[in-house]
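Trainee: I am new to this structure and would like to go through it step by step. Could we begin with the overall layout and then turn to single residues?

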Amino acid sequence: MSKKGKTVAHSVVDASSKSATPLSYSFRGVKHMKEFTEEEPRTAPLVRSPKLSEEPQTTDEPDGTPKYRTNALRLNNNFLSNIKDFPEIVRQLVYEPSALSWIDLSFNSLATIDEVLLEYPNVIVLYLHGNNIDKLSEVNKLAKLDKLKSLTLHGNPVESLKGYREHVLTFLPQLQKFDFSGVTKSDRQRATTYQEQCGSKMGAKKK
């Protein structure tokens with residue numbers, strides 16, 4: 001659906017996460033990142049949102065293009081095969097890109113984890129499930145996201161590889177939740193054993 005006028009997003013505070021309403025472009029059939037600038041965002045459901053501001057949370061550019069005040073972006077259920085233009089498009093859509101803490105790229109056609117995601121050091125939640133990622137080494141790229149606490153990768157070919165969960169938790173020990181499941185003490189013990197069994201080979205990869 002193309003824009004037929006300016007759409008505004010209201011700032012809604014979730015009582016549990018303290019995050020604004022996600023800016024959602026899910027289920028738009030988009031194949032290329034640049035197409036999002038021609039789409040109208042979907043309305044996000046209000047879950048545990050006790051207060052809705054009447055002030056529109058947009059900041060217009062000189063050409064009249066609205067930028068949305070949000071820290072959560074949903075681009076799920078589209079047909080994206082790469083996100084190399086992610087930073088450029090996010091700068092056009094989001095008022096403060098560096099504040100993004102939740103990015104949903106699930107159910108697309110991504111075969112790799114693009115390092116452009118490292119430009120968002122405040123990301124806490126990253127959804128990548130339901131894509132085409134087939135190499136465990138792709139996960140290693142996310143090690144620099146120190147604040148990342150929740151990651152999803154299930155529904156990717158990589159899920160069927162031996163040592164899948166252990167590998168992820170070895171390279172991303174900061175995770176508290178993986179594939180919507182809390183990381184337990186046993187998970188961490190298995191990750192330690194996995195790392196020990198891989199020995200020097202694993203150490204070389206982490207570098």
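Mentor: Let us start with the order of elements: along the sequence, the protein chain of this predicted model runs β-β-β-β-β-β-α-β-β-β-α-β-β-α. Taken together, that comes to three helices and 11 strands.

Trainee: What is the average pLDDT of the protein chain, and where does pLDDT fall below 50?

Mentor: Of the residues, 75% score at least 70, and the average for the protein chain is a pLDDT of 83. Where pLDDT is low, the predicted coordinates should not be read in detail. That caution applies to residues 44-56, where pLDDT stays under 50 although the model has 25 contacts beyond four places in sequence for them. A further stretch with pLDDT below 50, which has 54 contacts in the model beyond near neighbours in sequence, is residues 1-18.

Trainee: Which helix gives the most residues to the largest nonpolar core?

Mentor: The largest nonpolar core has 44 residues, and those with the most contacts inside it are F86, L105, L151 and L153. Two or more residues come from each of α1 (86-93), α2 (164-171) and α3 (185-206). The element that gives the most, with four residues, is α1.

Trainee: Which residues does L105 touch, leaving out those up to four places away in sequence?

Mentor: L105 is one of the residues with the most contacts inside the core. Beyond four places in sequence, L105 touches N76, N131 and Y127, and also L75, L80, I83, F86, L110, L117 and L128.

Trainee: Is N140 buried or exposed, and which side chain does N140 contact?

Mentor: N140 lies in the loop between β8 (125-127) and β9 (150-152). Because its relative accessibility is 18%, and buried means under 20%, N140 counts as buried. Its side chain makes a polar contact, at 2.9 Å, with the side chain of H167.

Trainee: Is S160 buried or exposed, and how far is S160 from D134 in space?

Mentor: S160 sits in the loop between β9 and α2, and since its relative accessible area is 67%, where exposed means over 50%, S160 is exposed. The side chain of S160 reaches the backbone oxygen of P157 at 2.9 Å. S160 and D134 are 26 residues apart in sequence, while in space their C-alpha to C-alpha distance is 8.9 Å.

Trainee: What share of the protein chain counts as buried?

Mentor: The accessible surface of the protein chain comes to about 11,000 Å², and 50% of that surface belongs to carbon and sulfur atoms. Of the 207 residues, the share that counts as buried is 43%.

Key:
Residues are numbered from 1 along each chain as its sequence is written. This is a predicted model: local features need pLDDT of at least 70, side-chain atom pairs count only at pLDDT 80 or more; totals for chains, interfaces and linings use all residues. Side-chain values use heavy atoms; hydrogens and water are left out. Buried means under 20% relative accessible area, exposed over 50%, partly exposed in between (1.4 Å probe, protein chains only). A polar contact is a pair of N or O atoms within 3.5 Å; within protein, one must be able to donate a hydrogen and the other to accept it, and residues adjacent in sequence count only if both atoms are side-chain atoms. pLDDT is the predictor's confidence in each residue, from 0 to 100. Contact means heavy atoms within 4.5 Å. A nonpolar core is a set of buried Ala, Val, Leu, Ile, Met, Phe, Trp, Tyr and Cys residues joined through side-chain atoms within 4.5 Å. Accessible areas come from the Shrake-Rupley method with a 1.4 Å probe; for residues, only the protein chains shown count as cover.
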